[in-house]
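These are my notebook entries from a reading of one structure. I record what I looked up, entry by entry.

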Amino acid sequence: MLTVVPGYGNESELNEVLEYFSVPEEQKDYSVIAGYTPKETEGVCVYCKHCHPCPAGLDIALINKYYDLMMLGDNLAREHYLTLEKTAGDCRIPLFLRLWNQTTP
């Protein structure tokens, strides 16, 4: 399975991204790009901020970075996460929030 997170900076770019859902199935096959993904980054957030800006104002890359560090046992990362102006709890996307809550130590 391959997931691509499109980035957009304004409503026009968002509308362009959403056009994906109105094209024929054969135009939705982006499997060729899987061959270009470095193995060490598969399934890992690399904090590139391509998913920014978040409509809810979350710093997604930093939230993911603190999450990864917390999963490695870094308690200081947890403290830093708790001082963020907005956390995963402010996310407007219920699936993201449910997944975050299920896996956060």
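Entry 1, burial along α2. I looked up which residues of α2 are buried and obtained I60, A61, I63, N64, Y66, Y67 and M70. The model is a predicted one, and I read the list with that in mind. I recalled that an α-helix has 3.6 residues a turn, so residues three or four places apart point the same way.

Entry 2, geometry of α2. I checked the length of the helix next. With twelve residues at 1.5 Å a residue, α2 should span 16 Å, and the distance of 16 Å between its end C-alpha atoms agrees with this. After α2 I noted G73, which has a positive phi near 95°.

Entry 3, the core. Which residues make up the largest nonpolar core? I found twelve: C54, A56, L58, I60, I63, Y66, M70, A77, Y81, L84, A88 and C91. At least two of the core residues come from each of α2 and α3 (75-82). The largest share, four residues, is supplied by α2. I set beside this the general tendency of nonpolar side chains in soluble globular proteins to be buried together.

Entry 4, the nonpolar surface patch. I then turned to the surface. L18, Y20, F21, Y30, V32 and I33 form a nonpolar patch there, and together they have about 610 Å² of accessible area. I placed I33 in the loop between α1 (11-18) and α2 (60-71). Is I33 partly exposed or buried? I33 counts as partly exposed, because its relative accessibility is 33%, and buried would require under 20%.

Entry 5, salt bridges. How many salt bridges does a search of the whole structure find? I recorded one. It joins D59 and K49, whose closest N and O atoms are 3.7 Å apart. I located both D59 and K49 in the loop between α1 and α2, ten residues apart. I noted that side chains of opposite charge can pair when their charged atoms come close. D59 is partly exposed, with 24% relative accessible area; K49 is also partly exposed, at 42%.

Entry 6, confidence. I closed with the pLDDT values. The protein chain averages 79, and 75% of the residues score at least 70. Confidence in the chain is highest in α3, at 92, and lowest in helix α4 (residues 94-103), where the mean is 57. I therefore marked α4 for cautious reading, given that local features need a pLDDT of at least 70.

Technical notes
Residues are numbered from 1 along each chain as its sequence is written. This is a predicted model: local features need pLDDT of at least 70, side-chain atom pairs count only at pLDDT 80 or more; totals for chains, interfaces and linings use all residues. Side-chain values use heavy atoms; hydrogens and water are left out. Patches are made of residues with over 30% relative accessible area and no salt bridge: like charges are joined within 9 Å, nonpolar side chains (Val, Leu, Ile, Met, Phe, Trp, Tyr) within 5 Å. Accessible areas come from the Shrake-Rupley method with a 1.4 Å probe; for residues, only the protein chains shown count as cover. A salt bridge is a side-chain nitrogen of Lys or Arg within 4 Å of a carboxyl oxygen of Asp or Glu. Buried means under 20% relative accessible area, exposed over 50%, partly exposed in between (1.4 Å probe, protein chains only). A nonpolar core is a set of buried Ala, Val, Leu, Ile, Met, Phe, Trp, Tyr and Cys residues joined through side-chain atoms within 4.5 Å. pLDDT is the predictor's confidence in each residue, from 0 to 100. The expected span of a helix is 1.5 Å times one less than its number of residues.
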